[in-house]
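Me: Could you take a close look at the surroundings of the ligand in this model and describe them for someone who works at the bench? I would like one connected account.

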Amino acid sequence: MNQRVIVVANRLPIRRSEDGTWAPSPGGLVTALTPILQRGGTWIGWAGVGSGPPERFRFNDIDHVAVSVSDAEIDDYYLGFCNGTLWPLFHDGIRAPEYHRRWWNAYQRVNHRYAEAVLEHSRPGDLIWIHDYHLLLLPQILRELAPETEIRFFLHIPFPPVELYARLPWRRQLLDGILAADVVGFQTESSTANFRKAASTFAGVEAADHLLRDGGRLIRTQTAPISVDFGTYDAIANSPDTDDRISRIKRELGNPEHILLGADRLDYTKGIDVRLRAYGTLLRQNPDLADRIKLVQIVVPSRQTIGDYSDMRQEIEQLAGRINSVHGGRHRMPVHYTYESLDREELVAYYRAADVMVVTPLVDGMNLVAKEYVASRVDDDGVLLLSEFAGAAHELTEAVRVNPYDVDGVARAMRHAFDMDPAERKRRMQEMRQTVRENDLEAWTRRTLDPSLSPVAV
Ligand code: GDG
């Protein structure tokens with residue numbers, strides 16, 4: 001595509017390194033978009049810290065525009081409306097969403113600020129590509145200020161069933177916000193269907209095929225499951241450095257017979273507590289296993305100042321501690337728990353060291369960890385245990401599927417996973433690798449930026 005792409009997301013794809021300089025964030029989206037943006041695009045977002053970089057700067061051959069968000073707005077817009085209202089509501093309401101007019105006001109204000117930045121740093125003909133739940137009002141604000149702009153929007157988290165969405169006091173405003181985009185993308189068919197139902201119920205648009213008609217405008221909806229950069233994971237996993245890391249990791253863990261792995265951002269949607277409970281059940285039912293297996297749980301710090309998150313952390317740490325005190329001994333700890341962020345090379349080594357990857361979200365837009373595990377298993381081995389409520393479950397059909405609400409079922413699935421015979425493990429992993437290889441991040445980018453999806457004439 002020759003059009004210049006302006007990516008707008010809550011965060012810029014950079015982070016501050018320990019020496020105070022800026023470095024690219026290691027995220028997959030950044031890797032996928034870098035070549036496109038290096039041909040002349042811009043990334044607009046918040047730098048993640050109050051005293052950020054200059055407003056506009058070139059980094060990694062990409063123009064970056066930093067939007068400023070004040071401390072009060074971090075509270076009301078980011079921690080408040082984004083992560084205290086929208087995040088829980090859009091994740092099946094598994095924590096009670098809070099509705100505060102002050103948060104809503106801040107959300108509107110910050111969305112307007114992003115719109116000003118887009119207008120200032122784009123020119124006619126650019127494609128504006130807006131990401132995620134932080135910026136649901138942005139398409140409409142832009143459409144009003146610059147009606148001819150081509151706008152695409154992608155939601156990374158699930159769109160909830162209409163019965164839940166109905167509770168939102170600002171349900172109409174947010175739908176109108178999104179509906180001003182030309183193309184609206186979702187991770188799964190059910191999110192797409194939920195959005196279309198909500199749009200026809202509360203925003204009075206007509207739905208037909210993949211289109212929505214809003215007066216004289218047509219909006220296209222698209223289901224496009226996001227993926228990972230298969231080649232990069234495959235290459236890291238194949239490197240001699242990874243082999244050394246795997247040996248070190250296994251040695252440090254005491255060379256257990258079987259390693260189960262969980263790696264998640266701290267979040268109550270990820271079901272980290274579920275897998276610890278299931279693991280405790282497994283050990284209770286099979287006491288002989290405590291000497292032979294180890295669950296490694298890596299928790300990446302996230303949104304730590306929100307009460308639900310610190311509560312979840314405490315609960316997880318208590319569960320891990322209890323399992324170690326009940327089933328452990330002086331020289332054995334059945335759970336190895338860390339609360340830290342690892343670099344990607346180390347994470348891939350853990351993926352390769354793990355006989356079973358345990359991914360048990362109660363609800364998840366996609367879950368990239370599941371796909372990264374598959375992309376890293378260059379040895380065609382390893383079993384993926386995957387919640388049926390992760391978006392990734394629709395594609396990774398050869399995973400061992402679990403209902404994360406059924407703790408006994410998850411415990412049985414863990415046992416089944418490491419009892420699985422090698423030929424079946426290989427067949428399943430090869431099939432999943434084929435799926436992720438063919439539907440990798442580049443394929444997703446091609447689909448979501450496909451020029452033939454451009455505005456449809458009525
Ligand atoms: C949202 C949606 C959707 C993990 N440990 C470390 C680390 N990670 C990286 C993984 C992975 C990413 O974090 C987590 O991605 P997920 O997809 O699992 O989850 P969310 O953060 O909730 O993402 C989700 C996604 O958006 C994309 O659309 O799939 O459903 O909730 O890439 O590798 N990264 C580093 N250190 C770690 O220890 N650096």
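Reply: What follows deals with the ligand and its shell, and then with the protein around them.

This is a predicted model, in which local features need pLDDT of at least 70 and side-chain atom pairs count only at pLDDT 80 or more, while totals for chains, interfaces and linings use all residues. Residues are numbered from 1 along each chain as its sequence is written, and side-chain values use heavy atoms, with hydrogens and water left out.

The ligand has 18 residues around it, of which His156, Leu342, Asp364, Leu368 and Glu372 come nearest; a residue is counted as near if one of its heavy atoms lies within 4 Å of the molecule. Sorted by class, this shell holds 9 nonpolar, 5 polar and 4 charged residues, where Ala, Val, Leu, Ile, Met, Phe, Trp, Tyr, Cys and Pro count as nonpolar, Asp, Glu, Lys and Arg as charged, and the others, Gly among them, as polar. Both domain 1 (5-224) and domain 2 (230-438) supply at least three residues to the shell, the domain bounds being taken from an automatic or database domain assignment. Helix H13 (residues 368-376) gives the largest share, 3 residues; helices (H or I, at least four residues) and strands (E, at least two) are DSSP runs, numbered from the N terminus.

Turning to individual atoms, a backbone N or O atom of Leu368 lies 2.8 Å from an oxygen atom of the ligand, and a backbone N or O atom of Gly365 lies 3.0 Å from a ligand oxygen atom. Ser341 places a polar side-chain atom 3.1 Å from a nitrogen atom of the ligand. These are polar contacts, that is, pairs of N or O atoms within 3.5 Å. Taken alone, the ligand exposes 730 Å², and the protein buries 83% of that, with accessible areas computed by the Shrake-Rupley method with a 1.4 Å probe.

After H13, the loop leading to strand E17 (383-387) contains Asp380, which has a positive phi of about 55° although it is not a glycine. Asp380 has a relative accessible area of 18% and is therefore buried, a term that means under 20%, with exposed over 50% and partly exposed in between (1.4 Å probe, protein chains only).

As for the protein as a whole, 58% of its 458 residues count as buried, and its secondary structure comes to 16 helices and 18 strands. Along the principal axes, its C-alpha trace spans about 65 × 45 × 45 Å.

Note on methods: Polar contact = N/O pair within 3.5 Å; in protein donor to acceptor, adjacent residues only side chain to side chain.
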